[in-house]
Amino acid sequence: MASKPIIAPSILSADFGYLAEQIAEAEQAGADWLHIDVMDGHFVPPITMGQQVTRVCRQHSQLPLDVHLMVQSPDGMLASFAEAGANHIHIHVEASPDPAASLAAIRALGCKAGLALNPPTPVERVLPYLDQADIILVMSVNPGRSGQAFMPDSLEKVRQLQAAIAERGLDTLIQLDGGIDASTLPAAHAAGGQAFVAGNAIFAHPQGIAAGVHALRNAALVAQH
Ligand code: DX5
Ligand code: ZN
């Protein structure tokens, strides 16, 4: 169990004209990781960012870079993301022909290995890999864009995952991605979530980025008590 909930701003919601300033503001406000949403136009329709943006984040931030590969063929690009500065690399169980091999390859590059699953994918698909992954990334929206509503069905998956992880005595971390804000985070935390990706709740917060980070941090602290 992580000692404190981890807040991971998703730069997908940032203003890319001011990316360095915006990630600095998130970091100064106490964000824990930076989440980088890589979409290839195949696994999901949009094409977003890749190694070059990862490198820019590396140059402008000390935070662990949490790279989420929403791509159809992740294996051939793992090394280049590690080289660009990724600290964690998530692949999708729906995309990898051999998730165990992909996770082992990520670890061999010195990164933490994440395994993501989409809302329609049953939790049983990832259970065989709990000891080969450092993080399970539970999608609480269908991947493709920021600003969608949190899907409450994901909470049951988190509970099942937490039970399986505890039963096996593992320390695999559970991360949620999609629709996380100050109102949805507490239930996600109570279900067993330890790391929380947030795009719009941080970068589109009406009082600004720092206020968005603080609101999530407060929601996480309240949920702990
Ligand atoms: C969705 C991405 C998410 C997204 C989250 O495909 O994987 O990381 O940016 O954005 P919000 O928090 O606005 O749902
Ligand atoms: Zn993501």
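Author: Let's begin with a term: a strand is a DSSP run of at least two residues, and strands are numbered from the N terminus. The model above is predicted, and we can use that term to find our way around it.

Reader: Thanks! In which strand is His-92 found?

Author: His-92 belongs to strand S4, which covers residues 88–92. Ile-89 is part of S4 too.

Reader: Is His-92 buried or exposed?

Author: The general idea is that a residue under 20% relative accessible area is called buried. His-92 has 0% relative accessibility, so it counts as buried. Ile-89 also has a value of 0% and therefore counts as buried.

Reader: Which side chain does His-92 join through a polar contact?

Author: For a polar contact, look for a pair of N or O atoms within 3.5 Å. The side chain of His-92 makes such a contact with that of His-68, at 2.9 Å. His-68 takes us straight to the metal, because its ND1 atom is one of the donors to the zinc ion, ligand 2.

Reader: Which other residues coordinate the zinc ion (ligand 2)?

Author: Besides His-68, the zinc ion is coordinated by His-35 through NE2, and by Asp-37 and Asp-177 through OD. The distances run from 2.0 to 2.3 Å. Along the sequence, these donor residues follow the spacing H-x1-D-x30-H-x108-D.

Reader: Why is the arrangement around the zinc ion (ligand 2) called octahedral?

Author: Count the donor atoms, then look at the angles. Six donor atoms surround the zinc ion and subtend angles of 69 to 170 degrees, so the arrangement is octahedral. The cut-offs behind that name are over 155 degrees for opposite donors and between 65 and 115 for all others.

Reader: Are the donors His-35 and Asp-37 buried or exposed?

Author: His-35 is buried, because its relative accessible area is 0%. Asp-37 has 4% relative accessibility, so it is buried as well.

Reader: Now for ligand 1. Which residues come nearest to it?

Author: There are 20 residues around ligand 1, and the nearest are Asp-37, Gly-144, Gly-147, Asp-177 and Gly-199. You have met two of these names already: Asp-37 and Asp-177 also coordinate the zinc ion.

Reader: How many residues of each class are in the shell around ligand 1?

Author: Sorting them by class gives seven nonpolar, ten polar and three charged residues.

Reader: Which protein atoms lie close to oxygen atoms of ligand 1?

Author: Check side chains and backbone separately. In the side chain of Ser-10, an N or O atom is 3.0 Å from an oxygen atom of ligand 1. For a polar side-chain atom of Asp-37, the distance to a ligand oxygen is 2.7 Å. Gly-179 uses its backbone instead, where an N or O atom lies 2.8 Å from an oxygen atom of ligand 1. As for cover, ligand 1 taken alone exposes 380 Å², and the protein buries 99% of that.

Reader: Which elements give two or more residues to that shell?

Author: They are strand S2 (34–39), strand S3 (65–70) and strand S8 (195–198). S2 provides the largest share, with three residues.

Reader: One last topic, please: sequence and space. How far apart are Pro-143 and Met-70?

Author: Compare two numbers, one along the chain and one between C-alpha atoms. Pro-143 and Met-70 are 73 residues apart in sequence, and their C-alpha atoms are 7.7 Å apart. Pro-143 sits in the loop between strand S6 (135–139) and H5, and it is buried because its relative accessible area is 16%. For Ile-89 and Gln-160, 71 residues apart along the chain, the C-alpha separation is 23 Å.

Reader: And where is Ser-154?

Author: Ser-154 is in helix H5, residues 154–167. With 4% relative accessibility, Ser-154 counts as buried. Its C-alpha atom is separated by 9.6 Å from that of Pro-120, 34 residues away along the chain.

Methods:
Residues are numbered from 1 along each chain as its sequence is written. Chains are lettered from A and ligands numbered from 1 in the order in which they are written. This is a predicted model: local features need pLDDT of at least 70, side-chain atom pairs count only at pLDDT 80 or more; totals for chains, interfaces and linings use all residues. Side-chain values use heavy atoms; hydrogens and water are left out. A residue is near a molecule or strand if one of its heavy atoms lies within 4 Å of it. A polar contact is a pair of N or O atoms within 3.5 Å; within protein, one must be able to donate a hydrogen and the other to accept it, and residues adjacent in sequence count only if both atoms are side-chain atoms. Accessible areas come from the Shrake-Rupley method with a 1.4 Å probe; for residues, only the protein chains shown count as cover. Helices (H or I, at least four residues) and strands (E, at least two) are DSSP runs, numbered from the N terminus. Ala, Val, Leu, Ile, Met, Phe, Trp, Tyr, Cys and Pro count as nonpolar, Asp, Glu, Lys and Arg as charged, and the others, Gly among them, as polar. Donors are N, O and S atoms within 2.8 Å of the metal (3.2 Å for Na, K and Ca); water is not among the atoms, so sites may look incomplete. Four donors count as tetrahedral if all angles lie between 85 and 135 degrees; four count as square planar and six as octahedral if opposite donors are over 155 degrees apart and all others between 65 and 115; anything else is irregular. Buried means under 20% relative accessible area, exposed over 50%, partly exposed in between (1.4 Å probe, protein chains only).
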